[in-house]
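This note sets out a few points for a colleague beginning to read the structure. Please keep the sequence and the model in view while going through them.

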Amino acid sequence: MAKKRLFGTFGVRRTANDVLTPEFASRLAASYGSIVQGTVAIGGDTRTSTPMLKHAITAGLLSSGCDVVDLGILPTPAIQYAVRNYYEGGIIVTASHNPPKFNGLKFVDEFGIGTPDDMEIAVEEMYFDSEPKRVSWDKIGKVYHNETIIDEYIKETLKRVDVEAIRSRRLKVVVDCGSGAGSYTAPYLLKALSCEVTTLNCQADGFFPGRDPEPIEPNLQDLIATVKDLGADIGLAHDGDADRTICIDEKGNFVLGDKTFALVEKQMLKENNGGIIVTTVATSQAIYDVAEEFGGEVIATAVGDLLVARKLKDTDGLFGGEENGGLIFPDFVYGRDAAMTVAKLLEILAKEDRPFSELVAELPVYYQEKLKIECPDDEKEEVMSKIAEEIKTTTDFELDTTDGVKILKDDGWVIIRPSGTEPIFRCFAESDSMDKAVEMANWGIGLIKKYKK
Ligand code: MG
């Protein structure tokens, strides 16, 4: 297959109005529209450049003959929900967790799943090597607006949990939307669940004045302090486009995404008497342990939430996710869904009627070390095949080459993956102690050093 020239793991992400100009966005949208030839939903996050880009992609889509339905400013999963149920395609204007100056275009298929590689390559070929379809004056598309999706998305989320159980607990919740798209959904969802809600950064603002859009621990210090001050049951944070949920326990501890993943996985498997769980090769062994205990079967894909979503659809899977707090509930949205994650977590809290920290403490414990090392792009393939060859011929470790090289040892694993966007290798290791994880990650880095020039 041809190498992709524009698309990354999910769409195109660039600096707004520098690389990602109206002309660029319009032509790319026209290329996508030439292939879709139907009604395309558009929507986006709260960035300053989002209205400009929405107008540009609207023009491109209309010129290719597609009708456009503008859904407004709303979370990525709400747009994916709408496309799956009502439209032939969708373009989401967002740079997710990236800093304010960035923006991006995520393209989805008729199921609301990020477009597959062959379609992205076809769009790129049209963009670079030929011309998008430009219809005659009487075939130009029409623009519609649909402002009902936010309410519908919240209502549909509520249908999928035990609302009465959650309401009766009157949970004390602090939610930090980082001034992103979740500002339009998260506080209202929590209110509908009769929570005692305190909001932080829930005014939409493309300058992200309260915190950076990425929900990592250093950016969530205000949330952590507020949870402690108020004695809240849980703190919740979303990224810029509200597809990921990160939690703070009642003691103010930052809860890693794979813990939330394992906790919800356990609940889903218990409720459904087992099922298929899909994740990526970079996810914790904890997901496998929980699956084994509660009748689940784990399938691992290459890294990328759209690959997890597609596998869930193809295998009729129960639930999936990534280690970064992006959880996928395939009966609702084929993509990471922050609102559904919140609803499910609160349902678990309400039904278990125990502190969140206690529920997390019961999950399997593993330690991870994440390192990276520079390596020119043109050497990456050779380095990986030489490492795989060495492992195969000199050890009995199991090897998984779904994405990069994953080496499974008795006491943990190491994965060596080339970055798709930077001249680096990422090397993650996981083991049952931090010392071992560090040692194994350094061993992986050593293997890369040995074979790069
Ligand atoms: Mg996101």
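1. A residue is called buried when its relative accessible area is under 20%, and exposed when that area is over 50%. The structure under discussion is a predicted model. With this term in hand, helix 4 is a suitable place to begin. The residues Met119, Glu120, Ile121, Val123, Glu124, Met126 and Tyr127 of helix 4 are buried. Part of what covers these buried residues is helix 1 (22-36).

2. The dimensions of helix 4 may be considered next. Helix 4 spans residues 117-129, which is 13 residues. From its first C-alpha to its last it reaches 17 Å, close to the 18 Å expected at 1.5 Å a residue.

3. One sheet is open and consists of six strands in the order 1-5-4-2-3-6, with mixed pairing. Its edge strands, each pairing on one side only, are strand 1 (12-15) and strand 6 (143-145). On average, and with direction ignored, neighbouring strands of this sheet are turned by 20° against each other.

4. Within that sheet, strand 2 (residues 39-44) and strand 3 (residues 67-73) run parallel and are joined by five bridges. Which residue of strand 3 stands opposite valine 40? The partner is valine 68. Further along, isoleucine 42 stands opposite aspartate 70 in strand 3. Strand 3 is largely enclosed by the rest of the structure, because five of its seven residues are buried. Helix 3 (residues 76-86) lies across strand 2, strand 3, strand 4 and strand 5, and it runs at about 170° to strand 4.

5. A second open sheet has four strands in the order 13-12-14-15, and its pairing is mixed. Strand 13 (296-301) and strand 15 (327-328) are its edge strands, each pairing on one side only. Strand 12 (residues 275-280) runs parallel to strand 13, and six bridges join the two. In this pair, isoleucine 277 stands opposite valine 298 of strand 13. Helix 11 (residues 305-315) lies across strand 12, strand 13, strand 14 (319-321) and strand 15, at about 160° to strand 12.

6. The metal site deserves attention. Which atoms coordinate the magnesium ion? They are Ser96 (OG), Asp239 (OD), Asp241 (OD) and Asp243 (OD), at 2.0 to 2.2 Å. Along the chain these donors follow the spacing S-x142-D-x1-D-x1-D. Aspartate 239 is buried, with a relative accessible area of 0%. Aspartate 241 also counts as buried, because its relative accessibility is 1%.

7. Serine 96 merits a separate remark. Its place is in the loop between strand 4 (89-93) and strand 5 (102-108). Most residues other than glycine have a negative phi. Serine 96, however, has a positive phi of about 55° although it is not a glycine. Is serine 96 buried or exposed? Serine 96 counts as buried, because its relative accessibility is 1%. Serine 194 likewise has a positive phi, near 55°, and is not a glycine. Serine 194 lies in the loop between helix 7 (186-192) and strand 8 (196-200).

8. How many disulfides does the count give? The count comes to zero. A disulfide is a covalent bond between the sulfur atoms of two cysteines. For the purpose of counting, the two sulfur atoms must be within 2.5 Å. The cysteine sulfur closest to that of cysteine 195 belongs to cysteine 247 and is 13 Å away, so this separation is too far for a bond. Cysteine 427 is in no disulfide either, for the nearest cysteine sulfur, that of cysteine 375, is 13 Å away. Both cysteines are buried: the relative accessibility is 10% for cysteine 195 and 0% for cysteine 427.

9. The last point concerns valine 333, in the loop between strand 15 and helix 12 (338-352). Valine 333 counts as buried, because its relative accessibility is 0%. Which residues is valine 333 in contact with, leaving aside its neighbours within four places in sequence? The contacts are Pro77, Gln80, Tyr81, Arg84 and Ile328. Valine 333 and phenylalanine 111 are 222 residues apart along the chain, and their C-alpha atoms are separated by 8.7 Å.

Notes:
Residues numbered from 1 in each chain as written. Predicted model: local features only at pLDDT ≥ 70, side-chain atom pairs only at ≥ 80, totals over all residues. Heavy atoms only, no water. Expected span 1.5 Å × (residues − 1). Buried < 20%, exposed > 50% of the residue type's maximum accessible area, 1.4 Å probe, protein only. Contact = heavy atoms within 4.5 Å. Donors = N, O, S within 2.8 Å, 3.2 Å for Na, K, Ca; no water. Pairing = 2+ DSSP bridges. Axes fitted to C-alpha atoms, helices over the stretch in contact; angles between N-to-C directions.
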